[in-house]
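Please open the structure in a viewer and keep the sequence beside it. This tour proposes one selection after another and states what is found at each.

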Amino acid sequence: MQETKPFSISKRAVMIAYEKVKANKGTYGVDEQSIKDFKDNLENNLYKIWNRMSSGSYFPKPVKAVAIPKKNGGTRILGIPTVEDRIAQMIAKLYFESQVEPMFYEDSYGYRPYKSAIQAIEKTRTRCWRKNWVLEFDIKGLFDNIRHDYLMKMVKRHTKEEWIILYIQRWLTAPFQMEDGTIIPRISGTPQGGVISPVLANLFLHYVFDDFMVKEFKTIQWARYADDGIAHCVSLKQAKYLQKRLQERFKQFGLQLNLEKTKIVYCKDDDRKGNYSNISFDFLGYTFKPRGAKNKYGKYFTSFLPAIAEKAKKAIRKEVRSWRLQLKVDKDLWDIAKMFNKKIQGWINYYTHFYKSEMYGVLRYINNSLVKWVRRKYKKRKHKRRAEYWLGSIALRDRNLFAHWKIGILPTAG
């Protein structure tokens, strides 16, 4: 006799969810079960998830709290669910995201299929040329402060599937397990690190910000990437008024504008002569400010443009230092390229879309670290000039070895 379940969840969706979670890699949760461990008994484990979710008896485990350093100091708590909870969330996401995604606006860019941070920067760059003022805003601890009552009302508006509603409620209230084992209940927020959290955060901000802007401020263009947002205003007065209205709006939904990171900026260039204390802002790892540019006739002028932010440069240098290349003398140059090339390529892909010359200093820093490695590894090349010459001659011979060599950032060969 075929077993009937209260909830209809397809076994194929469970398999697809597993494949997606596996592809995202990720670390283990509180049960210390890795994806590899999970895979060892795959069929049985996937059946268990399907069986529990279909019968309503699935309860998530506590979320592992991991403190990670923020770029600007301080720490952010990431909540890491177990592998099975990540798969369960992915199943719900597959069903639920398709319900809400068509409703989201064009200018919401974060955590969405076929949308990227680079698109948001591109749009913002063009709009800065057209409108003189920008309100750059940041929401304080968005993922920690989303109100569950409001969020659940929004979820119910977009799905009639009882199991999705039931499990989202359970994920929202799954407690944090701290590093010392302490269990902390959660009464607000959706953990950063959860598979379904980005969709829920986007749904929340769709109603709190995006929809509000489209209806209340029809003429103001905006771009939002998760909790980072930009709005383009025609005057300082309009920007100040918008900031006041947003403060009130966010407060109404239990959120707060982070006033330290929220500012009004004048997009100064050669055509805009006025003075204002703020003429630069950071958005998604890029700094927008007046910079030298050249037109098609070779004439130099000042334009308002994005380039890699100082904070991002600092973070990259810090990461390169953490590789401790000079201690890896047991490796050869090809091993080192294999170990770090993907990362270097990722930085190049992201930070060289606009004003790429600003990125060159960071890439030269990687070359300097490689030179230090050469001097440590080879007795004959202890002298800096000799190490540079050797590395430079390899770079000329094999440009494809490192991602930054391919684009012409070579160590000096003598």
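The tour begins with the whole chain and then visits sheets, helices and single residues.

**The whole chain**

This is a predicted model, in which local features need pLDDT of at least 70 and side-chain atom pairs count only at pLDDT 80 or more, while totals for chains, interfaces and linings use all residues. Residues are numbered from 1 along each chain as its sequence is written, and side-chain values use heavy atoms, with hydrogens and water left out.

Display the chain as a cartoon. Its secondary structure comes to 15 helices and eleven strands; helices (H or I, at least four residues) and strands (E, at least two) are DSSP runs, numbered from the N terminus. Along the principal axes, the C-alpha atoms fill a box of roughly 80 × 60 × 40 Å. Of the 414 residues in the chain, 47% are buried. Here buried means under 20% relative accessible area, exposed over 50%, and partly exposed in between (1.4 Å probe, protein chains only). Among contacts between residues at least 6 apart in sequence, 68% join residues at least 24 apart, where contact means heavy atoms within 4.5 Å.

**The antiparallel sheet**

Select β6, β7, β3 and β8. In that order they form an open sheet of four strands with antiparallel pairing; two strands pair if DSSP finds at least two bridges between them. Strands β6 (221-225) and β8 (263-266) stand at the edges with a single partner strand each, so one side of each has no neighbour in the sheet. From one strand to the next, the twist averages 20 degrees. Axes are lines fitted to C-alpha atoms, for helices over the stretch in contact, and angles run from 0 to 180 degrees between N-to-C directions.

Now add helix α9 (residues 197-216), which packs on the sheet and touches β3, β6 and β7 (228-233). The direction of α9 makes about 170 degrees with that of β6.

Next, follow the pairs across the sheet. Strands pair through backbone hydrogen bonds, either parallel or antiparallel. Five bridges join β6 to β7. Within this pair, Trp222 stands opposite Ala231, and Tyr225 has Asp228 as its bridge partner. The two strands form a hairpin with two residues between them. Select Ala226 in the turn: this residue has a positive phi of about 55 degrees.

Is β7 enclosed or open to its surroundings? Five of its six residues are buried, so β7 is largely enclosed by the rest of the structure.

Move on to β3 (residues 133-138), which is joined to β8 by four bridges and to β7 by six. Trp133 is a useful residue to select here: it stands opposite Tyr266 in β8 and opposite Cys233 in β7.

**The mixed sheet**

Select β2, β1, β4 and β5. These four strands form an open sheet in that order, and the pairing is mixed. At the edges stand β2 (75-80) and β5 (183-184), each with a single partner strand, so one side of each is left without a neighbour in the sheet. Between β1 (residues 63-69) and β4 (residues 176-177) the pairing is parallel, over two bridges. Show Val63 to find Phe176 of β4 opposite.

**A pair of helices**

Select helix α11 (residues 310-323) and helix α13 (residues 360-377). They pack at an angle of about 15 degrees, with their axes 10 Å apart. Therefore α11 is roughly parallel to α13 (angles under 35 degrees count as roughly parallel, over 145 as roughly antiparallel, 65 to 115 as roughly perpendicular and the rest as oblique).

Which residues meet between these helices? Lys313, Ile316, Arg317, Val320 and Arg321 in α11 meet Gly361, Val362, Tyr365, Ile366 and Ser369 in α13.

**Two single residues**

Select Asp144, which lies in helix α6 (residues 142-145). Asp144 is partly exposed, with a relative accessible area of 45%. Leaving aside neighbours within four places in sequence, Asp144 is in contact with Ser188 and Gly189. Asp144 and Ile77 are 67 residues apart in sequence, and their C-alpha atoms are 9.0 Å apart in space.

Finally, select Thr287 in strand β10 (residues 286-294). Is Thr287 buried or exposed? Thr287 is buried, with a relative accessible area of 12%. Not counting residues up to four places away in sequence, Thr287 touches several residues, among them Ser280, Phe281, Leu305 and Glu310. The C-alpha atoms of Thr287 and Lys311, 24 residues apart along the chain, are separated by 9.2 Å.
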